[in-house]
Amino acid sequence: MKTTAHTLLLAAALLATTAAQAQVTVKDAWVRATVPQQKGTGAFMQLSAAKDSKLVAVSSPVTPVAEVHEMSVQDNVMKMRQVQAVELPAGKTVELKPGGYHVMLMDLKQPMKAGDTVPLTLVFEGKDGQRETVEVKAPVRALNATAAPATHGGHGGHGKH
Ligand SMILES: [Cu+2]
């Protein structure tokens with residue numbers, strides 16, 4: 001009897017989770033590994049929303065400061081700035097990737113090592129103001145040998161504030 005009730009509760013919890021995640025789907029989340037002394041890095045992923053919404057906040061236990069950033073090249077200079085939100089038009093996949101939007105993890109408590117997993121909590125807001133929270137576990141991947149220098153330099157600058 002007890003087992004059955006427990007199983008049903010678990011099933012209900014799983015269903016609730018599925019329903020809650022239906023609005024925005026997070027795919028291929030990953031975090032760039034850091035080198036010693038590096039205090040900041042980026043997290044990347046693919047987001048697709050069933051209805052118009054936006055990514056408004058991120059948090060992670062590995063850092064007290066997680067922000068949504070946009071990187072762009074202006075006059076051959078790589079610039080990063082914090083953005084209030086990333087728009088997610090319905091049915092489109094928006095990619096957070098090196099050189100574009102990314103989640104900035106700053107003031108890291110410890111180095112991000114390849115193979116580790118970083119929990120990320122993403123907060124999305126729909127047109128109606130309804131907020132939805134999605135939890136993902138992002139694997140840490142080693143620095144990409146070709147893309148590393150520029151991106152790493154840009155990110156490293158954050159830690160020196
Ligand atoms: Cu950044």
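Here are four short exercises with worked solutions on the structure above.

This is a predicted model, in which local features need pLDDT of at least 70 and side-chain atom pairs count only at pLDDT 80 or more, while totals for chains, interfaces and linings use all residues. Residues are numbered from 1 along each chain as its sequence is written, and side-chain values use heavy atoms, with hydrogens and water left out.

**Exercise 1: the copper site**

Work out which residues coordinate the copper ion and what arrangement they make.

Step 1. Look for donors, meaning N, O and S atoms within 2.8 Å of the metal (3.2 Å for Na, K and Ca); water is not among the atoms, so sites may look incomplete.

Step 2. You should find H69 (ND1), M80 (SD), H102 (NE2) and M104 (SD), at 2.1 to 2.3 Å. Along the chain their spacing reads H-x10-M-x21-H-x1-M.

Step 3. Now check the angles: the four donor atoms subtend 85 to 134° around the copper ion, so the arrangement is tetrahedral (for four donors, all angles between 85 and 135 degrees). For comparison, the ideal angle for four tetrahedral donors is 109.5 degrees.

Step 4. Finally, H102 and M104 are both buried (buried is under 20% relative accessible area, exposed over 50%, partly exposed in between, with a 1.4 Å probe and protein chains only).

**Exercise 2: an aromatic pair**

Find the one aromatic pair in the structure and classify it.

Step 1. Rings of Phe, Tyr and Trp (its six-membered ring) pair if their centres lie within 6.5 Å; planes under 30 degrees apart are stacked, over 60 edge-to-face, and the rest tilted.

Step 2. The ring centres of W30 and F44 are 4.8 Å apart and their planes meet at 40°, so this pair is tilted.

Step 3. W30 belongs to strand 1 (residues 24-32) and F44 to strand 2 (residues 41-49), so the pair ties together parts 14 residues apart in sequence. Strands here are DSSP runs (E, at least two residues), numbered from the N terminus.

Step 4. W30 is buried at 15% relative accessible area, and F44 is buried too, at 0%.

**Exercise 3: positive phi**

Describe the surroundings of N76 and D107, which have a positive phi.

Step 1. Most residues other than glycine have a negative phi. N76, however, has a phi of about 65°, and D107 one of about 50°.

Step 2. N76 sits in the loop between strand 4 (65-74) and strand 5 (77-82), and is exposed at 77% relative accessibility.

Step 3. D107 sits in the loop between strand 8 (101-106) and strand 9 (117-126), and is partly exposed at 42%.

**Exercise 4: confidence**

State the mean pLDDT of the protein chain.

Step 1. pLDDT is the predictor's confidence in each residue, from 0 to 100.

Step 2. The mean is 84, and 75% of the residues reach 70 or more.

Technical notes: Tetrahedral: all angles 85-135°; square planar, octahedral: opposite > 155°, others 65-115°. Helix = DSSP H or I, 4+ residues; strand = E, 2+ residues; numbered from the N terminus.
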